[in-house]
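Hi,

Here is the structure I promised to send over. Have a look at it first, and then read on for what turned up.

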Amino acid sequence: MSQQSPRELAEGDPFGAATLPYGVFSPADAPDRRRIGVRYGDRVLDASAAAAAHGSAHADLLDRPTLNPLLAAGRPVWQAVRAEVRGWLDDGPLLPLEDVTLHLPFEVADYVDFYASEHHATNVGRIFRPDSEPLTPNWKHLPIGYHGRAGTVVVSGTDVVRPQGQRKAPGDAVPSFGPSLRLDIEAEVGFVVGTPAPANTPVALGDFREHVFGVCLVNDWSARDVQAWEYVPLGPFLGKSFATSVSAWITPLDAFDEARTAPPERTYPLLPYLDDSAAEPGGIDLRIEVTINGETVSRPPFASMYWTAAQQLAHMTVNGASLRTGDFFASGTVSGPEPDQRGCLLELTEGKGPYLADGDVVTLTAWAPGPGGARIGLGEVTGRVVPDRGAATP
Ligand SMILES: O=C(O)/C=C/C(=O)CC(=O)CC(=O)O
Ligand SMILES: [Ca+2]
Ligand SMILES: [Mg+2]
């Protein structure tokens, strides 16, 4: 056996040549010089410098402060660049992760959050609406979602200021205003749209890969007290719009080919635009881990999601809505059937709390099975809760 080269990674490293997620970084000595990098182990390949050195036709796409131009370039370019990046691992510049600053990797166009875990929706329905059926009659016929606030999507590592708002417990006569006393997490998986679609051209299930560039982890921070009072009848609003954290790394969809898995059996036949019974398996066997202050609190299995990302994209566009580069949609909270697989504290504590305290650090990580026993890692999404802004009632 030849000696291991310093560029080879330890066996089982989830950020090996089968993963290769994209991000935007700046070197510590040039904070304004944002460009595109690819994670390799615990280092960052300077893809922009490697492309220039190799005379790549894609050098310009990689020398940008955001992934959006690469996202817009379309699947044949995504595949060509990924193949080139593999070749640059041998001699391209590698910087230690601790020597770079990671930025929000793409400009978020529209942001949608779904509600696709049957286990989560059932648990939350029971807690929020104890006198009704936990799943509403539409739940198994369409992927329920809402439009979120694109401008407050933040990169992993950004502090989350405890939000303020109106809340009213059932026993209170009137609402009060103040910092959320029930700040929660939601462990989710996000999908980043690359190729746009004009209005009135719904994206069929089979065209998912032409439009979606990649995958990342999401923490949909949620103020449960604000949410419980405000959400009737239009759904989530200020209880979720203050911050949504995403990982700094977007992993190309092609990295998950070996992790494809069939979604759960459908209870009812679906309308043709959602019927995936004859389609390629639309689930992904991603195993998520949620830690708070370093302690594992849950291991949500993404394979258990009832609705797939392809169904969500088909549903989002079936009314004639167009799709833009940078559109971003999240799966909804990932909860499995077991008590230690629930993706938020509301469920993990049966609605009783405790919720997040100031200073708590929440981190999501995940991996999926890859080729030949390799692991495909998703970049972590982490955030610390910091005290509320302290202003008086407006
Ligand atoms: O009212 C409810 O049933 C709860 C809604 C949510 O918490 C919305 C949400 O963010 C959905 C999700 O992440 O699954
Ligand atoms: Ca959510
Ligand atoms: Mg949010």
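**Loops, sheet and ligand**

Let me start with P354, which sits in the loop between α9 (345–348) and β23. One thing to keep in mind throughout is that this is a predicted model. The peptide bond that links G353 to P354 is cis, with an omega of about 10°.

The loop between α9 and β23 also holds E350. Its phi is near 55°, a positive value in a residue other than glycine. Is E350 buried or exposed? It has 12 C-beta neighbours inside 10 Å, and 12 or fewer makes a residue exposed, so E350 counts as exposed.

There is a second cis bond to look at, this one running from V232 to P233, with omega near 0°. You'll find P233 in the loop between α7 (224–230) and β16 (244–246). As background for these oddities, most peptide bonds are trans, and most residues other than glycine have a negative phi.

**The five-stranded sheet**

Now for the sheet. Which order do its strands take? Reading across, the order is β9-β24-β23-β20-β21; the sheet is open and its pairing is mixed. The edges are taken by β9 (160–161) and β21 (295–298); each has a single partner strand, so one side of each has no neighbour in the sheet. In general, strands of a sheet pair through backbone hydrogen bonds, in either the parallel or the antiparallel sense.

Going through some of the pairs:

- β9 runs parallel to β24 (residues 375–386), with two bridges between them. V161 has V386 in β24 as its bridge partner.
- β20 (residues 287–292) and β23 (residues 361–369) are antiparallel and joined by six bridges. Here R287 is bridged to W367 in β23.
- β20 is also antiparallel to β21, this time over three bridges. T291 stands opposite T296 in β21.

β20 and β21 make a hairpin, with two residues between the strands. One residue to click on is N293, in the loop between β20 and β21. Its phi is near 50°, which is positive even though the residue is not a glycine. N293 has 12 C-beta neighbours inside 10 Å and therefore counts as exposed.

The loop between β23 and β24 is where you'll find G372. That glycine has 7 C-beta neighbours inside 10 Å, so G372 counts as exposed too. How far apart are G372 and T136 in space, C-alpha to C-alpha? The distance is 42 Å, and the two are 236 residues apart in sequence.

**Around the ligand**

Last comes ligand 1, which I guess you'll want to zoom in on. How many residues surround ligand 1? There are 13, and the closest are Y115, V124, E186, G332 and T333. Helix α5 (residues 118–128) gives the largest share of that shell, namely four residues. Sorted by class, the shell has five nonpolar, four polar and four charged residues.

If you only have a minute, I'd go to the shell around ligand 1 and to the two cis bonds, V232 to P233 and G353 to P354. After that, the hairpin of β20 and β21 is a good place to look, with N293 in its turn.

Cheers

Technical notes. Residues numbered from 1 in each chain as written. Chains lettered and ligands numbered in written order. Predicted model: local features only at pLDDT ≥ 70, side-chain atom pairs only at ≥ 80, totals over all residues. Near = placed C-beta within 6 Å. Nonpolar A, V, L, I, M, F, W, Y, C, P; charged D, E, K, R; others polar. Pairing = 2+ DSSP bridges. Buried ≥ 20, exposed ≤ 12 C-beta atoms within 10 Å, placed from the backbone.
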